[in-house]
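Welcome, and please load the model in your viewer. We will go from stop to stop, with a selection to make at each one.

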Amino acid sequence: MIRINFVVLLTGTALILLGIALTGKQVLFGSLLGYWAGFGYTLWFYREALFSSELDIQAAVKRMRRNFMARLGMITLIIVFIARFRESWLFSLAFGIVAGVIISFIIVAIQKNYEERGDKRSA
């Protein structure tokens, strides 16, 4: 699963960089940072959910609550950093975060669906 996620991350990065090269707008660098942050957020959540599913309920809730605050802090730190130094990138940052979360969620869901069916790909 890590391989397909890495390929999708690099493909999205390449498309955003191609858009920057074609338009010449540096504002799109915010969408690149947002795409990476959204992608990382989803993969971090997925990894923690898998780990927490093996724990008892009290430990799992405590761990997920702590990791939610860490993930929220990461996204907040990125937004505050961009707002402080490159305010014009904020809209594209928000668009990139949404795109990264949606695309990575779709990839994780597809991979989980293949695992449940038993259609394992050899990669």
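Begin by colouring H1, H2 and helix H4 (90-117): each of them supplies at least two residues to the lining of the second largest pocket. Keep in mind on the way that this is a predicted model.

Which helix gives the most to that lining? It is H1, with five residues. Now show the lining as sticks; among its residues are Val 8, Thr 11, Gly 12, Leu 28, Ser 31, Phe 95, Gly 96, Ala 99 and Ile 103. The space in this second largest pocket comes to about 160 Å³.

Keep Val 8, Ile 16 and Tyr 35 selected, since they take us to the next stop. These three also line the pocket, and they belong to the largest nonpolar core, where Ile 20, Leu 32, Phe 39 and Ile 107 complete the set of seven. Helix H1 (2-23) and helix H2 (29-52) each supply at least two residues of this core. Another core, of six residues, lies apart from it; select Ala 37, Trp 89, Leu 93 and Ile 97 to see some of its members.

Back in the largest core, centre on Ile 20. Beyond residues up to four places away in sequence, Ile 20 touches Lys 25, Leu 28 and Phe 29.

For the last stop, pick Arg 71 in helix H3 (residues 57-85). Is Arg 71 buried or exposed? Arg 71 is buried, yet has no salt bridge. The nearest side chain of opposite charge belongs to Glu 48, 6.3 Å away. Show the contacts of Arg 71 and, leaving aside neighbours within four places in sequence, you will find Tyr 41, Trp 44 and Phe 45.

Note on methods. Residues numbered from 1 in each chain as written. Predicted model: local features only at pLDDT ≥ 70, side-chain atom pairs only at ≥ 80, totals over all residues. Heavy atoms only, no water. Core = buried A, V, L, I, M, F, W, Y, C linked by side-chain atoms within 4.5 Å. Buried < 20%, exposed > 50% of the residue type's maximum accessible area, 1.4 Å probe, protein only. Helix = DSSP H or I, 4+ residues; strand = E, 2+ residues; numbered from the N terminus. Contact = heavy atoms within 4.5 Å. Lys, Arg positive; Asp, Glu negative; His and termini not counted. Salt bridge = Lys/Arg side-chain N within 4 Å of Asp/Glu carboxyl O. 1 Å grid on protein atoms, 1.4 Å probe; cavity = no way out; pocket = protein on both sides within 12 Å on 5 of 7 lines; lining within 4 Å. Points joined across faces, edges and corners; volume = space filled by probe spheres on them.
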